[in-house]
Amino acid sequence: MRIDDVRRIDLGSFVRPAEETGTGRPRVEAVLGYVVRTSAGLLLLDTGLGDAGPETEAHYRPRRVPIAEALAGVGVAPEEVAVVVNCHLHFDHIGANPSFAGRPIVAQRRELDAARGPDYTVPELLDFPGARYELLDGEAQIATGVHVIPTPGHVDGHQSVVVECTDGTVVLAGQAHDTASAWSADVLAARAGARGHEPPLPQPSPWMERILALDPRRVVFAHDAAVWMP
Ligand SMILES: [Zn+2]
């Protein structure tokens, strides 16, 4: 597996209204998934935007790419997916999870617990017939050279997938940060002391050192098509 073999799929987009962007203008945001061939079979990270009801539909005006169409874009059929990983369980990451009934869905246990609480996500997308969770309590290796690493922040149970390729390591960061530039700022915060900056300094994410220790060559995101590179 080479870095270029980690494939991105376009799962749709939504429009964040002006009052939420801080810019006074609405912003169209991407919803991206990733496909990786692993020793445990084909891994799919995130499955797209669910339907969270008329209020959310009107608020975010989502456009969805059906999962079969999104996967076809990289030459994959839904039946080939062996394992689904969700970076977290908000409605915009688990939309097509029910079409993978019977196949393992990898999530952090604390994330599923939170998601079953009120006002977190779409319950029908969580506990559908045939839902089969493989719950993690922290870091785990789920296939040869494929690691799931907790990256809390956006939500407490957020996780990222680290894929060791023959030509370097790729981090599927999900929504660990919303954008590549936010990730970049966090990397600089983690390295500020080593670069000779004096306090006061920004506090990096507690997990950033762990991720950087894996020497990522490429970091990709759920809501940003931009890519971080060292
Ligand atoms: Zn999201």
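Where is the place of Asp46? The answer comes in point 7, after the metal site, the sheet and the cores. One thing to keep in mind throughout: this is a predicted model.

1. **The zinc site.** Start with the metal. Asp92 (OD), His93 (NE2), Gln175 (OE1) and His223 (NE2) coordinate the zinc ion at 2.1 Å. Which spacing do the donor residues show in sequence? The pattern reads D-H-x81-Q-x47-H. Gln175 and His223 link distant parts of the chain, 48 residues apart. Gln175 comes from the loop between strand 11 (168-172) and helix 5 (180-191), while His223 sits in the segment after strand 12 (216-220). Both of these residues, Gln175 and His223, are buried.

2. **Geometry at the zinc.** Why is the arrangement around the zinc ion irregular? The angles subtended by the 4 donor atoms run from 87 to 174°, so the arrangement counts as irregular. For a tetrahedral label, every angle would have to lie between 85 and 135 degrees. As background, the ideal value for four tetrahedral donors is 109.5 degrees.

3. **Phe221, in the segment that also holds His223.** Phe221 is placed in the segment after strand 12, and that segment also holds His223. Buried or exposed? Phe221 has a relative accessible area of 0%, so it is buried. Leaving aside neighbours within four places in sequence, its contacts are Leu32, Tyr34, Ala173, Gly174, His177, Thr179, Ala180, Trp183, Ala226 and Trp228. If you want a distance to check on screen, the C-alpha atoms of Phe221 and Ser160 are separated by 9.6 Å, with their positions 61 residues apart along the chain.

4. **The open sheet.** How many strands form the open sheet? There are 7, in the order 4-1-2-3-5-6-7, and the pairing is mixed. Strand 4 (63-64) and strand 7 (132-136) are the edges, each pairing on one side only. On the antiparallel side of things, strand 1 and strand 2 are joined by 9 bridges, with Arg16 opposite Arg27 in strand 2. Strand 2 and strand 3 are also antiparallel, over 5 bridges, and here Thr38 stands opposite Gly41 in strand 3. Strand 1 runs antiparallel to strand 4 too, through 2 bridges; Ser13 has Arg63 of strand 4 as its bridge partner.

5. **The parallel pair and its crossover.** Strand 6 and strand 7 pair in the parallel sense over 5 bridges. To find the register, look at Ala107, whose bridge partner in strand 7 is Leu135. Which way does the connection turn? Strand 6, helix 4 and strand 7 make a right-handed β-α-β unit.

6. **Two nonpolar cores.** The largest nonpolar core has 32 residues, and those with the most contacts inside it are Ile9, Val35, Leu44, Ile67 and Leu71. Elements giving two or more residues to this core include strand 1 (7-16), strand 2 (27-38), helix 3 (67-72) and helix 4 (109-115). Leu71 is a good residue to click on: beyond four places in sequence, it touches Ile9, Val35, Leu44, Val76, Ala77, Pro78, Val81 and Phe100. A second, separate core of 22 residues includes Leu32, Tyr34, Val36 and Val148. Leu32 and Tyr34 have already come up here, as contacts of Phe221.

7. **Backbone oddities.** Back to the opening question: Asp46 is in the loop between strand 3 and helix 2 (54-60). Asp46 has a positive phi of about 75° although it is not a glycine. Its relative accessibility is 1%, so Asp46 counts as buried. Arg61 also has a positive phi, of about 45°, and is not a glycine either. Arg61 belongs to the loop between helix 2 and strand 4. With a relative accessible area of 48%, Arg61 is partly exposed. Then there is a cis peptide bond from Pro199 to Pro200, with omega near 5°. Pro200 lies in the loop between helix 5 and helix 6 (208-212). Why flag these spots? Because most residues other than glycine have a negative phi, and most peptide bonds are trans.

Methods:
Residues numbered from 1 in each chain as written. Predicted model: local features only at pLDDT ≥ 70, side-chain atom pairs only at ≥ 80, totals over all residues. Heavy atoms only, no water. Donors = N, O, S within 2.8 Å, 3.2 Å for Na, K, Ca; no water. Tetrahedral: all angles 85-135°; square planar, octahedral: opposite > 155°, others 65-115°. Helix = DSSP H or I, 4+ residues; strand = E, 2+ residues; numbered from the N terminus. Buried < 20%, exposed > 50% of the residue type's maximum accessible area, 1.4 Å probe, protein only. Core = buried A, V, L, I, M, F, W, Y, C linked by side-chain atoms within 4.5 Å. Contact = heavy atoms within 4.5 Å. Pairing = 2+ DSSP bridges. Right-handed = clockwise from strand over helix to strand, strands pointing away.
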